[in-house]
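Here is my note on the model, set out as numbered points for a reader who is new to reading structures. Please keep the sequence and the 3D view open as you go.

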Amino acid sequence: YTSFLYHFAIFFFLSSFLFLAVYDKKFTSFHLLMVLFLSFVYASLDELHQYFIPGRVMDVIDVMVNFLGILGGGVVVGFFRR
């Protein structure tokens, strides 16, 4: 479970900072999709590179937990910015 918490927390903070970086007076759906897409691509590539590291395992569930962290970061930033 600590692995899931780690993945969630890392991508929660990644997406939170990305949302804050692009969040200005006009926050459009383009900004939202850009942050979600970039964060998801980074999460996927992070898991893919683990395939090539001895002793590490590429896991689709980790990508899903990463994406939950990404969504969580977006929700929290959106809540506090309104």
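1. In which helix is leucine 5 found? Leucine 5 is found in helix α1, where helices (H or I, at least four residues) and strands (E, at least two) are DSSP runs, numbered from the N terminus. At 59% relative accessibility, leucine 5 counts as exposed, given that buried means under 20% relative accessible area, exposed over 50%, and partly exposed in between (1.4 Å probe, protein chains only). From C-alpha to C-alpha, leucine 5 lies 24 Å in space from methionine 34, and the two are 29 residues apart in sequence.

2. Before going further, please note that this is a predicted model, in which local features need pLDDT of at least 70 and side-chain atom pairs count only at pLDDT 80 or more, while totals for chains, interfaces and linings use all residues. Residues are numbered from 1 along each chain as its sequence is written, and side-chain values use heavy atoms, with hydrogens and water left out.

3. The protein as a whole has three helices and zero strands, and along the sequence it follows the pattern α-α-α. Its C-alpha atoms fill a box of roughly 45 × 25 × 15 Å, taken along the principal axes, and buried residues make up 32% of its 82 residues.

4. How do the helices pack? The axes of α1 and α3 come within 7 Å and cross at roughly 40 degrees, with axes being lines fitted to C-alpha atoms, for helices over the stretch in contact, and angles running from 0 to 180 degrees between N-to-C directions. That makes α1 oblique to α3, because angles under 35 degrees count as roughly parallel, over 145 as roughly antiparallel, 65 to 115 as roughly perpendicular and the rest as oblique.

5. Helix α2 (residues 29-50) packs with α3 at an angle of about 155 degrees, their axes being 10 Å apart. That makes α2 roughly antiparallel to α3.

6. On the surface, Tyr1, Phe4, Val60, Ile61 and Met64 make a nonpolar patch of about 600 Å². Patches are made of residues with over 30% relative accessible area and no salt bridge, like charges being joined within 9 Å and nonpolar side chains (Val, Leu, Ile, Met, Phe, Trp, Tyr) within 5 Å; a salt bridge is a side-chain nitrogen of Lys or Arg within 4 Å of a carboxyl oxygen of Asp or Glu. Helix α3 (residues 60-81) gives the most to this patch, with three residues, whereas phenylalanine 4 is found in helix α1 (residues 2-22) and, at 34% relative accessibility, counts as partly exposed.

Notes. Areas by Shrake-Rupley, 256 points an atom, 1.4 Å probe, with all protein chains shown as cover.
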